[in-house]
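Biologist: Hi! I'm new to this one and would love a quick tour. Could you pull it up for us?

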Amino acid sequence: MRNNDPLSTYINANYMAGYKNEPRAYIASQGPMSHTINDFWHMVWHENVSCIVMITKLKERNKSKCELYIPEEKDLEVEYDNIYVTISQVKTFQDYEVRRLIVRVSCKSVNFFLLLNMRSKYDLI
C-alpha cells in the first residue's frame, strides 16, 4: 500500500500461465491510463518484470486507449512515483521497435526490454 491508499495495491492485470503451465509466467494488463501509470510501474518493479510487450495503440480512431508510459526520447529519465525509467537503446525493425529500458528505484536498477509493435512515433508507443 502506498501513501495509506488501500486502492494503491490494485491494478487491472492478471497472471497468465506459461510454457507447460508454469504458473504466473506472464502478466496481462490493460495499457496504463493517466491515473494508473504510477501503479503500472510499481507492478513492473515489484513483480520483477523483464519484458513488456505493448499491443495497443495510444489512440485508435481518435479515442485514447493508453497513455504514454515511457519517456518520450532516449536518455531522458522520467520519474513515476519514485521509480525512474530511462530508454537506453532503441532498435528499429521493419514492423516494430525494441527499446531497452533502465528502471531504477534508489540505487538499485534493472534492465529489460519493451517490444513495441509500431512504425510511427505516436501510433503505438
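Biologist: Let's start with Asn21. Is it buried or exposed?

Modeller: Asn21 counts as exposed, because its relative accessibility is 63%. Keep in mind that this is a predicted model.

Biologist: Where does Asn21 sit along the chain?

Modeller: In the loop between E1 and E2. Its backbone has a feature to point out too: Asn21 is not a glycine, yet its phi is positive, about 60°.

Biologist: Which other residue has a positive phi without being a glycine?

Modeller: Asp75 is one of them, with phi near 70°. You'll find Asp75 in the loop between strand E5 (63-64) and E6. Asp75 counts as exposed because its relative accessibility is 54%, and the cut-off for that word is over 50%.

Biologist: Good. And the confidence, what does the chain average?

Modeller: The mean pLDDT of the chain is 84, with 84% of its residues at 70 or more.

Biologist: Which elements have the lowest and highest means?

Modeller: Strand E9 (residues 108-116) has the lowest mean pLDDT among the elements, 76, while strand E6 (residues 77-80) has the highest, 96.

Biologist: Switching topic: how much space lies in the largest pocket?

Modeller: About 610 Å³. Its lining has 26 residues, and Ile27, Ala28, Cys51, Ile52 and Val53 are the ones nearest the centre.

Biologist: Which elements supply that lining?

Modeller: At least two residues each come from strand E1 (13-16), strand E2 (26-29), helix H1 (37-46) and strand E3 (51-54). By type, the lining divides into 18 nonpolar, six polar and two charged residues.

Biologist: And the largest nonpolar core, which residues have the most contacts inside it?

Modeller: Those are Trp41, Ile52, Tyr69, Leu101 and Val103, in a core of 21 residues. H1, E3, strand E7 (83-92), E8 and E9 each supply at least two residues of this core, and the largest share, six residues, comes from H1. Ile52 appears here and also among the residues nearest the pocket centre.

Biologist: One last residue, Glu97. Buried or exposed?

Modeller: Glu97 is buried, because its relative accessible area is 11% and the limit for buried is under 20%. Its place is in strand E8 (residues 97-105).

Biologist: What does the side chain of Glu97 make polar contacts with?

Modeller: With the side chain of Thr92 at 3.3 Å, and with the side chain of Arg99 at 2.8 Å.

Biologist: Thanks, that helps!

Terms used
Residues numbered from 1 in each chain as written. Predicted model: local features only at pLDDT ≥ 70, side-chain atom pairs only at ≥ 80, totals over all residues. Heavy atoms only, no water. 1 Å grid on protein atoms, 1.4 Å probe; cavity = no way out; pocket = protein on both sides within 12 Å on 5 of 7 lines; lining within 4 Å. Points joined across faces, edges and corners; volume = space filled by probe spheres on them. Helix = DSSP H or I, 4+ residues; strand = E, 2+ residues; numbered from the N terminus. Nonpolar A, V, L, I, M, F, W, Y, C, P; charged D, E, K, R; others polar. pLDDT = per-residue confidence, 0-100. Buried < 20%, exposed > 50% of the residue type's maximum accessible area, 1.4 Å probe, protein only. Polar contact = N/O pair within 3.5 Å; in protein donor to acceptor, adjacent residues only side chain to side chain. Core = buried A, V, L, I, M, F, W, Y, C linked by side-chain atoms within 4.5 Å.
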